[in-house]
Structure formats: C-alpha cells, structure tokens
Amino acid sequence: MNGFLELSLEIGFMCVVLSVVMAFIRMVKGPSLQDRVVALDFMTVAIVAFCGLAAVRYGTSAFLDVALVLALVGFLATVALARFAERNTLRNRKEASDD
C-alpha cells in the first residue's frame, strides 16, 4: 500500500474509535432511553465502518461479511429497542392518566 492510503486508513481508524468512545459515553450518561438507543445504534454503525476499514487494510473480505451481519443485527436490535421504548412511553402515559 502507498503512504497516502496508509495515512488515510490510520486517520479513519482513529476517527472511528473516537466516535465509538463518545457514543459509549452518551450511552452510559443517558439521560433517557431514547438517547441510549441512538447511541447504541451509532456504535453499531461505527463498528461496521471499522470492519470496512479493516477489510481494506488487510485485504480480506471476511471483515465485510462480519460488517454485513453486524449491520443486520444492529438494525433488528434498534427496531426492537424502539418498540420497547414506545410501549414503555405508552404505558407511562396510561398510568399518568389513570391517576
């Protein structure tokens, strides 16, 4: 690989790792469930990007398979968590109106 591609990959890896750390902090701090779901979804996207960078860096397509499976699982997890958050919100509204 030439020098520019190596430098670009290293910068890309650093940016992805930094974004995962920042999303993890947001996931831990919250404050709401919706914030945590968005942070978890962003972490999934960043890890998929990391797999794509690793596929280019090491010249193997196995990382692309991992990225594809992770993207599908991440999408399903986001949908499931969004449905959970919606039901939780509806339940809280119903309890508040009953009081």
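Helices α2 and α3 count as roughly antiparallel to each other, a label given to angles over 145 degrees, with under 35 roughly parallel, 65 to 115 roughly perpendicular and the rest oblique. Their axes come within 9 Å and cross at roughly 175°. An axis here is a line fitted to C-alpha atoms, for helices over the stretch in contact, and the angle, from 0 to 180 degrees, is taken between N-to-C directions. By class, the α2–α3 contact has 18 nonpolar, six polar and one charged residues; Ala, Val, Leu, Ile, Met, Phe, Trp, Tyr, Cys and Pro go in the nonpolar bin, Asp, Glu, Lys and Arg in the charged one, and the others, Gly among them, in the polar one.

A word on the ground rules. The model is predicted, so local features need pLDDT of at least 70 and side-chain atom pairs count only at pLDDT 80 or more, while totals for chains, interfaces and linings use all residues. Numbering runs from 1 along each chain as its sequence is written, and side-chain values use heavy atoms, with hydrogens and water left out.

Next, the other helix pair. The axes of α1 (residues 3–29) and α2 also come within 9 Å, crossing at roughly 160°, and α1 and α2 are therefore roughly antiparallel to each other as well. The crossing of α1 past α2 is left-handed, meaning that the near helix is turned anticlockwise from the far one by less than a right angle (clockwise would be right-handed). In the contact of α1 with α2, the classes come to 20 nonpolar, two polar and seven charged residues. Helices are DSSP runs of H or I with at least four residues (strands are E, at least two), numbered from the N terminus.

On to helix lengths. With 26 residues, α2 reaches 37 Å from its first C-alpha to its last, close to the 38 Å expected at 1.5 Å a residue; the expected span is 1.5 Å times one less than the number of residues. For α3 (residues 62–98), the 37 residues should span 54 Å, and the end C-alpha atoms are indeed 54 Å apart, so the two agree. Just after α2, Gly 59 adopts a positive phi of about 65°.

As for burial, α2 has Val 37, Ala 39, Met 43, Thr 44, Ala 46, Cys 51, Leu 53, Ala 54 and Ala 55 as its buried residues, where buried means under 20% relative accessible area, exposed over 50% and partly exposed in between (1.4 Å probe, protein chains only). Their cover includes α1 and α3. In α3, the buried residues are Ala 67, Gly 74 and Ala 85, and these pack against α2 (33–58).

A few residues show how this plays out locally. Thr 44, in α2, counts as buried because its relative accessibility is 16%. Beyond its neighbours within four places in sequence, Thr 44 is in contact (heavy atoms within 4.5 Å) with Leu 70 and Gly 74. Ser 19 sits in α1 and is buried too, with a relative accessible area of 15%; leaving out residues up to four places away in sequence, Ser 19 touches Phe 42 and Ala 46.

Ala 49 of α2 is partly exposed at 35%, and Ala 71 of α3 is likewise partly exposed at 33%. The C-alpha atoms of Ala 49 and Ala 71 are separated by 9.9 Å, with their positions 22 residues apart along the chain. For Ala 71 and Ile 47, 24 residues apart in sequence, the C-alpha to C-alpha distance is 9.0 Å.
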